[in-house]
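User: Please take a close look at one part of this model, the sheet in one of its chains, and set it beside the helix packing and the contact between the chains.

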Amino acid sequence: MSEANEANEARAGERLLELEGVTKSFGDEVVVEVLHGIDLTLERGELAALIGPSGSGKSTLLNLLGLLDRATAGTLRLLGRDVATLDDAALTALRGESLGFIFQFHHLIPALSVVENVMMPAAAVNGGFTASMRPKAEALLEAVGIGERADSWPRELSGGMQQRVAVARALMNDPPLVLADEPTGNLDTETSDQVFELLQRFNAESGTGFLIVTHDPDLAGRCDRVLQLVDGRLVADGPPDEVL
Amino acid sequence: MLAPTLAWRFLRDGRAQTLLILAGATVGVAAFVFVSAIIVGLQENLVDKTLGSQAHLTVLPEEPPPRPLYEAAAPTLYARRIEEPAPRRRPFDQWQRALRTLEATPGVVAACPKVTGSALAIRGGAQEGVTVVGADAARLRRIVDLPRYLVEGRYRLGSGEALIGDDLADELGVRLGDPLRLTTEGRDADVRIAGIFDVGQQALDGRWVVLSLRGAQTLLDRVGDVTAIDATVEGIFEADAVAEQVAARTGLEVESWIDRNQQLLTALKSQDQSTLMIRVFVMLAVAMGIASVLVVSVVQRRGQIGILRAIGTKQRTVLAIFLWQGAFIGVVGAVLGTAIGAAFTQLLERVTFFPITVGPRLALMAMLISLGTGLASAILPARRAARMDPAAAIRGDG
């Protein structure tokens with residue numbers, strides 16, 4: 001386990017993300033408010049699910065949490081820093097160091113080998129690939145069960161394997177929080193279970209926090225906390241047995 | 001070095017697109033090199049042909065001021081008209097001093113005092129009007145490279161020796177070693193043909209009889225005198241400026257080859273402009289080809305660009321990835337295009353009457369222009385990629 005992971009564990013319970021009255025609107029002439037006054041706190045080491053019907057604003061909220069978009073109003077703090085005060089370059093740096101991403105369609109870079117895809121977040125932060133990154137990337141691939149495919153190309157892997165690579169990539173910089181947008185949405189049930197178990201394992205072993213956007217109530221039920229979004233409002237927030 | 005690495009990988013990944021875009025750049029650079037080499041070769045040949053047989057600069061003796069034929073006392077003078085004197089012998093006062101000044105002028109690489117005049121060449125029953133040119137052999141060859149054009153005999157101007165053009169030799173029916181009589185008003189000289197040259201210009205090959213300076217001075221009754229001093233300059237297109245300097249320093253009349261060949265210069269300038277237009281349009285076509293393929297590449301890779309941005313890749317790195325792609329295409333296109341262009345010029349050279357070469361200067365120019373075109377054409381797609389909203393790009397509607 002890396003020093004960063006140890007730090008994640010040691011600081012479990014610390015406030016990672018704080019949202020106060022966050023709203024998000026789109027459009028200039030016709031303004032559509034998608035998120036209405038979201039108040040939310042995510043602590044280190046949490047395994048949380050974000051559920052809600054299509055169009056409820058889950059992806060919009062995830063983009064805000066991932067610093068890929070800016071809130072129209074309200075305050076969003078990541079690791080205590082008010083992101084509204086940061087310029088694009090500072091946001092990019094904070095995103096690279098503090099957040100991991102897993103997407104439904106894995107979005108691996110086909111021009112890079114599997115191990116290079118995993119090394120990519122470190123390369124993005126450090127400005128290039130270095131040999132010292134490889135052992136850690138290989139260890140992560142080993143951890144997600146595809147260590148022997150390090151030098152393969154993404155196109156040579158199955159969908160499940162590609163999603164495992166995406167999981168490894170999300171953990172490369174030891175981020176305190178990983179945002180996963182429907183990480184199992186494109187996989188069969190068995191592979192879905194395997195990928196989710198991976199996330200659970202990393203959460204338990206390294207203290208990495210996960211916020212998983214999902215439509216799957218079974219998957220949400222296996223998380224520690226469930227957030228329910230309906231029509232841009234956070235209508236429920238608690239343990240799965242209370243929310244679901 | 002993330003940007004060049006990713007740029008190279010993207011190019012390698014989109015092999016078909018890369019080959020297409022590279023083919024476009026290569027053909028463009030090949031056309032650029034080919035056209036440039038031909039035009040430069042043609043121009044050099046024209047200039048060489050023109051200047052190969054004439055001096056870059058000619059310093060002439062001072063024009064004697066017109067003088068009235070009759071100097072009348074002031075009260076009795078009713079009218080007076082002073083006319084330019086008819087062409088007549090102009091002595092070149094202090095030509096040795098003018099020669100030293102000329103040789104000391106920056107930009108002048110060689111100078112040759114000469115004496116020229118008309119004579120009649122007689123061989124048996126054949127007679128031809130000729131131009132006698134007298135000069136020191138070592139100095140003359142640095143003005144007109146006669147040894148290069150010598151088709152028979154040796155380049156030497158000893159006492160009683162002459163070099164003549166092949167056309168004149170044919171007209172007079174003389175061959176190497178034959179005697180020839182040169183006659184002017186009141187003077188004769190018997191010379192032997194030491195060499196026959198073929199410059200490729202009727203004015204020289206059909207009229208010139210080259211003698212030693214002393215021999216020509218004696219024949220033309222100008223012992224110790226010269227009619228002009230010819231000079232070669234370092235940069236032929238700077239001949240006018242050097243001429244002005246020489247004129248200022250000597251106070252004498254100085255003609256440059258540019259004064260004597262205005263039409264040629266106009267033709268060269270027009271050719272330069274046409275070549276420039278061809279080059280610009282060719283490279284514009286290349287730029288548009290590169291830009292359009294890169295724009296398609298940006299659209300196709302928007303998801304990957306989004307994920308790169310999401311995981312912390314800086315905006316300027318994304319910009320640099322596409323600029324590097326443009327640069328790679330530009331450089332590889334330049335290398336391949338220059339090689340192909342050079343190969344085509346080699347083929348063409350077999351059927352042209354002038355040498356065409358793709359020198360290091362042209363190759364370097366093609367490289368820089370191609371690199372610049374590659375970079376310039378990548379700016380638009382690169383900016384588009386860098387400004388992409390990562391969230392929208394990941395969703396696939398960026």
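Analyst: The sheet is described below, followed by a helix pair and the interface.

This is a predicted model, in which local features need pLDDT of at least 70, side-chain atom pairs count only at pLDDT 80 or more, and totals for chains, interfaces and linings use all residues. Residues are numbered from 1 along each chain as its sequence is written, while chains are lettered from A and ligands numbered from 1 in the order in which they are written. The model has an ipTM of 0.85 and a pTM of 0.73. For chain B the average pLDDT (the predictor's confidence in each residue, from 0 to 100) is 88, and 93% of the residues reach at least 70.

In chain A, six strands form an open sheet with mixed pairing, in the order E6-E7-E8-E3-E9-E10. Strands (E, at least two residues) and helices (H or I, at least four) are DSSP runs numbered from the N terminus, and two strands pair if DSSP finds at least two bridges between them. Strand E6 (99-102) and strand E10 (233-238) of chain A are the edges; each has a single partner strand, so one side of each lacks a neighbour in the sheet. Direction ignored, neighbouring strands of this sheet are turned by 20 degrees against each other on average. Strand E3 (residues 47-51) and strand E8 (residues 209-213) of chain A run parallel and are joined by four bridges. A:Ala49 has A:Ile212 of E8(A) opposite.

The helix pair comes next. Helix H4 (residues 114-126) and helix H5 (residues 134-143) of chain A pack at about 110 degrees, their axes 9 Å apart; axes are lines fitted to C-alpha atoms, for helices over the stretch in contact, and angles run from 0 to 180 degrees between N-to-C directions. H4(A) and H5(A) are therefore roughly perpendicular, a class that covers 65 to 115 degrees. H4(A) contributes A:Val114, A:Val115, A:Val118 and A:Met119 to the contact, and H5(A) contributes A:Arg134, A:Ala137, A:Glu138, A:Leu140 and A:Leu141. Residues are in contact if their C-beta atoms, placed from the backbone, lie within 7 Å.

Between the chains, the contact takes 25 residues from chain A and 20 residues from chain B. On the side of chain B, helix H1 (2-13), helix H12 (302-310) and helix H15 (390-395) each give two or more residues. The largest share there, six residues, belongs to H1(B).

How values were computed: Contact = placed C-beta atoms within 7 Å. Parallel < 35°, antiparallel > 145°, perpendicular 65-115°, else oblique.
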